[in-house]
Amino acid sequence: MKENLFTFEQIHIEVARNASDDFNLFHDKHKWLEITHNPFKGPIVLGFQLNTLIEYQMRLYREAHHEDEIIADKQLRFSNYQTIFVNALRPRQEMSLDIKKTLISTIPKLTLTNRVSIKSQGKTILLGYKKETQEPLFLTDTDLSALPDLNSLPDKTFVPDSEFFLKRKWLHNGNVKNFLSGSLAEQSDYFDELTQFTHYPEIFPCSLTSGVLLEKARLERHDFKANPMVYTSHDISVDRLLVKQLKNNDKVHVLVKQLPESKDNTLNHTRILLRTYECFGLLENKEVLFRIKLNLVPLEEIIKNLSSKS
């Protein structure tokens with residue numbers, strides 16, 4: 001596929017972070033300066049913004065190649081995003097998104113796969129895959145059926161007899177439209193008030209996990225200026241059937257669990273320990289809307305690793 005060129009402005013970052021309640025200092029046009037040893041020299045684009053741009057461009061790609069018909073016919077219910085963040089993207093920095101031709105495999109089960117990459121100024125920003133499957137690809141072994149009634153629990157607390165932190169979020173059409181526009185996606189392809197057409201995008205509910213992780217860290221008195229964390233990867237599975245049913249004012253219970261750090265779980269070819277989170281978005285009836293595995297590392301460790309190589 002021909003590469004598409006895009007440029008984010010700072011206003012796109014502001015709109016997206018406000019819409020998703022993401023108060024990470026890396027995206028703030030003033031507070032990025034307060035981060036200790038910040039190497040990015042300015043605010044950076046949100047990872048979930050880039051994922052949403054990929055979601056939208058993949059949607060256009062599927063429609064152009066009539067692959068949306070295969071997805072419907074074969075009931076490929078799950079949309080999966082596998083993303084590795086290699087470098088940060090700054091506003092006003094032109095970038096290209098490349099979508100490779102779809103590979104259709106039938107073993108072990110029918111899967112549509114596209115390799116995607118984002119590059120800017122000769123550097124790779126992001127590498128990953130978009131896959132359509134009948135079953136979710138990530139966090140399939142986690143059983144959430146034994147959880148208590150989440151509606152009865154206090155917000156911003158740990159679920160009893162579990163390692164999950166709970167934060168409730170409500171979906172609002174205005175926020176979703178803003179996040180789409182902030183991610184360079186055409187909001188009118190998802191919403192039309194005159195015909196009362198509403199089709200929520202897949203990534204927006206997932207993007208709320210960033211704000212939830214920040215809330216958890218704030219309650220734990222994490223120092224965002226002295227010890228900032230950066231994403232290294234997202235593995236996301238979204239239930240397409242449940243996304244279709246979403247509407248304004250729907251409640252999503254976001255659950256996040258931090259895994260113990262381990263020497264067996266490090267950033268590629270380094271000794272940097274990854275901080276891994278398992279995140280789930282549950283609807284009122286405990287149906288699982290999304291599953292996400294996130295990896296973060298302290299910025300300080302990345303800088304140390306870079307300086308040791310130079």
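In which strand does L282 lie? I began my notes on this predicted model with that residue, and I find L282 in strand 13, which covers residues 275–282.

**Entry on L282.** I looked up the accessibility next: L282 has a relative accessibility of 1% and, because the cut-off for buried is under 20%, L282 counts as buried. I then listed its contacts, leaving aside residues up to four places away in sequence, and found that L282 touches L144, L147 and L150, then K251, V252, H253 and L255, and also E287 and V288. For one of these partners, L150, I also noted the spacing: the C-alpha atoms of L282 and L150 are separated by 9.2 Å, although the two residues stand 132 residues apart along the chain.

**Entry on L241.** I turned to a second leucine, L241, whose place is in helix 6. Here I noted a relative accessible area of 42%, and since partly exposed covers the range between 20% and 50%, L241 is partly exposed. The C-alpha atoms of L241 and F78 are separated by 8.1 Å, with their positions 163 residues apart along the chain.

**Entry on the second largest pocket.** I recorded a space of about 590 Å³ for the second largest pocket. Its lining consists of 23 residues, and those that lie nearest the centre are I71, H199, E202, R240 and K244. When I asked which elements give two or more residues to this lining, I found helix 2, helix 3 (67–73), strand 6 (123–133) and helix 6 (240–245). The largest share, five residues, comes from helix 2. By residue class I noted 10 nonpolar, two polar and 11 charged residues in the lining of this pocket.

**Entry on helix 2 and helix 4.** As helix 2 gives the largest share of that lining, I also looked up how helix 2 packs against helix 4. Two packed helices are described by the angle between their axes and by the distance between those axes. For helix 2 (residues 47–64) and helix 4 (residues 173–182), I noted an angle of about 85° and axes 9 Å apart. Angles of 65 to 115 degrees count as roughly perpendicular, and the two helices are therefore roughly perpendicular to each other. Where they meet, helix 2 brings F48, Q49 and T52, while helix 4 brings F179, L180 and G182. I sorted the residues of this contact by class and found three nonpolar, three polar and no charged.

Notes:
Residues are numbered from 1 along each chain as its sequence is written. This is a predicted model: local features need pLDDT of at least 70, side-chain atom pairs count only at pLDDT 80 or more; totals for chains, interfaces and linings use all residues. Side-chain values use heavy atoms; hydrogens and water are left out. Axes are lines fitted to C-alpha atoms, for helices over the stretch in contact, and angles run from 0 to 180 degrees between N-to-C directions. Helices (H or I, at least four residues) and strands (E, at least two) are DSSP runs, numbered from the N terminus. Angles under 35 degrees count as roughly parallel, over 145 as roughly antiparallel, 65 to 115 as roughly perpendicular and the rest as oblique. Contact means heavy atoms within 4.5 Å. Ala, Val, Leu, Ile, Met, Phe, Trp, Tyr, Cys and Pro count as nonpolar, Asp, Glu, Lys and Arg as charged, and the others, Gly among them, as polar. On a 1 Å grid over the protein atoms alone, a cavity is a set of points where a 1.4 Å probe fits but cannot get out, and a pocket is an open set with protein on both sides within 12 Å along at least five of seven lines; lining residues have an atom within 4 Å of a point. Grid points are joined across faces, edges and corners, and a volume is the space filled by probe spheres set on the points. Buried means under 20% relative accessible area, exposed over 50%, partly exposed in between (1.4 Å probe, protein chains only).
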